[in-house]
Structures are given as structure tokens and as C-alpha cells.
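Work through the following exercises with the sequence and the model side by side. Try each task before reading the solution below it.

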Amino acid sequence: MEHAKKEAGDILWYVAMLCESFGWNMEEIMQMNVDKLIARYPGGFDVERANHRAVGDV
């Protein structure tokens, strides 16, 4: 579990650097992801919908 937490920290660092390099606001990116998932799964996460997403759903 500790190793996984350290790896998650590495991932977050890479994401922060990606945002920094493009001049993106990381909080805005996170909110965009939340909004996307709410639209994709309005009733909550569903494995069937996840495995059979609509064409163009990224």
C-alpha cells in the first residue's frame, strides 16, 4: 500500500507538470473530469455503460 501511494504521488507530479507546461489550471482540469463523468454516468458509475460507451464519448 505504501508503494502504491508513492507511485500515485509520481503520477500526480507528472499531471501537475503537464498542466504547468500547457498553462492549464489543474483545478479546472479536475472539474472538467468530474463534469464529464457526471454526464456519462448520471445515475452513478455503471460497468455496462463503461464497457459500451457512445461513439465519440472520450
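**Exercise 1. Find how much accessible surface the chain has, and what share of it belongs to carbon and sulfur atoms.**

Solution. The model in view is a predicted one, and its chain has an accessible surface of about 5200 Å². Of that surface, 63% belongs to carbon and sulfur atoms. Turning from the surface to the residues, 5% of the 58 residues of the chain count as buried.

**Exercise 2. Compare the radius of gyration of the chain with the value for a compact globule of 58 residues.**

Solution. Begin with the reference value: a compact globule of 58 residues would have a radius of gyration near 10 Å. The chain itself has 15 Å. As a further step, consider the C-alpha trace, which spans about 30 × 30 × 20 Å along the principal axes of the chain. A pair of positions gives another distance to check in the model, since A54 and M1, which are 53 residues apart in sequence, lie 35 Å apart in space from C-alpha to C-alpha.

**Exercise 3. List the helices and strands of the chain, then test the length of helix 1 against its expected span.**

Solution. The chain contains 3 helices and 0 strands, and along the sequence the pattern reads α-α-α. Helix 1 takes in residues 2-22, which makes 21 residues, and at 1.5 Å a residue these should span 30 Å. The end C-alpha atoms of helix 1 are 31 Å apart, so the span agrees with the expectation. Just after helix 1 comes G23, which takes a positive phi of about 75°.

The next helix can be treated in a similar way. Helix 2 covers residues 26-40, has 15 residues, and reaches 21 Å from its first C-alpha to its last, which is close to the 21 Å expected at 1.5 Å a residue. At the start of helix 2, a side-chain oxygen of N25 comes to within 2.8 Å of the backbone nitrogen of E27.

**Exercise 4. Decide whether R40 and Y41 are buried or exposed, and find what each of them touches beyond its neighbours in sequence.**

Solution. First place the two residues: R40 lies in helix 2, while Y41 belongs to the loop between helix 2 and helix 3 (47-51). A residue counts as buried under 20% relative accessible area. R40 has a relative accessible area of 10% and is therefore buried, and Y41, with a relative accessible area of 10%, is buried as well.

Next come the contacts, leaving aside residues within four places in sequence. R40 is in contact with R49, R53, D57 and V58. Y41 touches D46, R49, A50 and R53. R49 and R53 thus appear in both lists.

**Exercise 5. Classify M26, V34 and A54 by their accessibility, and trace the distances that involve them.**

Solution. A residue is exposed over 50% relative accessible area, and partly exposed between 20% and 50%. M26, which is in helix 2, has a relative accessible area of 28% and so is partly exposed. V34, which also lies in helix 2, has 39% and is therefore partly exposed. A54, in the segment after helix 3, reaches 53% relative accessibility and so counts as exposed.

For the distances, take M26 and V15, which are 11 residues apart along the chain and whose C-alpha atoms are separated by 8.3 Å. V15 is also among the residues in contact with M26, together with L12, A16 and C19, once neighbours within four places in sequence are set aside. V34 and A54 are 20 residues apart along the chain, and their C-alpha atoms are separated by 18 Å.

**Exercise 6. State how many aromatic pairs the structure holds, and describe how W13 and Y14 are arranged.**

Solution. The structure holds 3 aromatic pairs. One of them is formed by W13 and Y14, with 5.3 Å from centre to centre and 75° between the planes. Planes over 60 degrees apart count as edge-to-face, so the pair of W13 and Y14 is edge-to-face. Both W13 and Y14 are exposed.

Methods. Residues numbered from 1 in each chain as written. Predicted model: local features only at pLDDT ≥ 70, side-chain atom pairs only at ≥ 80, totals over all residues. Heavy atoms only, no water. Phe/Tyr/Trp six-rings, centres within 6.5 Å; stacked < 30°, edge-to-face > 60°. Buried < 20%, exposed > 50% of the residue type's maximum accessible area, 1.4 Å probe, protein only. Helix = DSSP H or I, 4+ residues; strand = E, 2+ residues; numbered from the N terminus. Expected span 1.5 Å × (residues − 1). Polar contact = N/O pair within 3.5 Å; in protein donor to acceptor, adjacent residues only side chain to side chain. Contact = heavy atoms within 4.5 Å. Rg over C-alpha atoms; globule rule 2.2 N^0.38 Å. Areas by Shrake-Rupley, 256 points an atom, 1.4 Å probe, with all protein chains shown as cover.
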